[in-house]
Amino acid sequence: MSNAMFAIEDEFDDRVSEGRIDISVSHLSDPAKITIEVADDGIGLDQERYGAFCTIDTDFKRSKGGKGVGRLFWLDAFDGITIESGYRDATEVQAAVVRVRPQ
């Protein structure tokens with residue numbers, strides 16, 4: 001959720017009310033299959049943000065209150081994580097898919 005909120009702030013600046021976050025939870029009756037989806041229309045996972053995502057204890061979002069350790073908590077809580085993101089660079093929309101599985 002906090003990553004979605006930061007992405008909307010980065011995309012919309014002082015117009016954050018124009019941003020959108022959708023949350024979907026499914027398969028609650030089977031703990032082995034619980035799925036949580038968070039979708040936003042924020043800035044996306046560009047190269048700079050992807051680099052911060054791959055860095056443990058980054059200070060990329062420190063000015064916003066981020067601690068840079070969220071990914072570590074995900075890996076402890078979930079069997080796997082898939083991140084699908086699109087972002088605009090100078091010329092076109094780029095896509096990124098990141099799959100993270102604990103060792």
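Q: Hi! How many salt bridges does the structure hold?
A: Hi there! The structure holds two salt bridges. Keep in mind that this is a predicted model.

Q: Okay, which side chains meet Arg15 and Arg20 in those salt bridges?
A: The side chain of Arg15 meets that of Glu18, at 2.8 Å from N to O. Arg20 pairs with Asp22, and there the N to O distance is 2.9 Å.

Q: Why does Arg15 count as partly exposed?
A: Arg15 has 39% relative accessibility, so it counts as partly exposed. The limits are 20% and 50%: a residue under the lower one is buried, and a residue over the upper one is exposed.

Q: And what about Glu18 and Asp22, what are their values?
A: Glu18 comes out at 46% relative accessibility, so it is partly exposed. Asp22 has a relative accessible area of 35%, and that makes it partly exposed too.

Q: Let's zoom out. How many helices and strands does the protein have?
A: There are three helices and four strands. If you walk along the sequence, you meet them in the pattern α-β-β-α-α-β-β.

Q: Cool, now helix α1. Which of its residues are buried?
A: They are Ala4, Phe6, Ala7, Ile8 and Phe12.

Q: What do those buried residues pack against?
A: The buried residues of α1 pack against β1 and β2.

Q: Where is Asp10, and is it buried or partly exposed?
A: Asp10 sits in helix α1, which covers residues 2–12. Its relative accessible area is 26%, so Asp10 is partly exposed.

Q: How far is the C-alpha atom of Asp10 from that of Gly44?
A: The two C-alpha atoms are separated by 9.2 Å, while the residues are 34 apart along the chain.

Q: What happens just after α1?
A: You reach Asp13 there, and it takes a positive phi of about 50°.

Q: Changing topic: which residues form the nonpolar patch on the surface?
A: The patch is formed by Met1, Met5, Ile23, Val25, Leu28, Ile34, Ile36, Val38 and Phe78. Together they have about 830 Å² of accessible area.

Q: Which elements give two or more residues to it?
A: Those are β1, at residues 21–26, and β2, at residues 35–40.

Q: And Phe78, where is its place?
A: Phe78 is in the loop between α3 (70–77) and β3 (81–88). With a relative accessible area of 36%, Phe78 is partly exposed.

Q: You mentioned β3. Is Ser85, which lies in that strand, buried or exposed?
A: Ser85 is at 15% relative accessibility, so it counts as buried.

Q: What does the side chain of Ser85 reach?
A: It reaches the backbone nitrogen of Leu45, at 2.6 Å.

Q: Back to the whole protein: what share of the residues is buried?
A: Buried residues make up 21% of the 103 residues.

Q: How much area does the protein expose, and what do carbon and sulfur atoms supply?
A: The protein exposes about 7600 Å², and carbon and sulfur atoms supply 50% of that.

Q: Last one! Among contacts between residues at least 6 apart in sequence, how many join residues at least 24 apart?
A: That share is 35% of those contacts.

Note on methods
Residues are numbered from 1 along each chain as its sequence is written. This is a predicted model: local features need pLDDT of at least 70, side-chain atom pairs count only at pLDDT 80 or more; totals for chains, interfaces and linings use all residues. Side-chain values use heavy atoms; hydrogens and water are left out. Buried means under 20% relative accessible area, exposed over 50%, partly exposed in between (1.4 Å probe, protein chains only). A salt bridge is a side-chain nitrogen of Lys or Arg within 4 Å of a carboxyl oxygen of Asp or Glu. Patches are made of residues with over 30% relative accessible area and no salt bridge: like charges are joined within 9 Å, nonpolar side chains (Val, Leu, Ile, Met, Phe, Trp, Tyr) within 5 Å. Accessible areas come from the Shrake-Rupley method with a 1.4 Å probe; for residues, only the protein chains shown count as cover. Contact means heavy atoms within 4.5 Å. A polar contact is a pair of N or O atoms within 3.5 Å; within protein, one must be able to donate a hydrogen and the other to accept it, and residues adjacent in sequence count only if both atoms are side-chain atoms.
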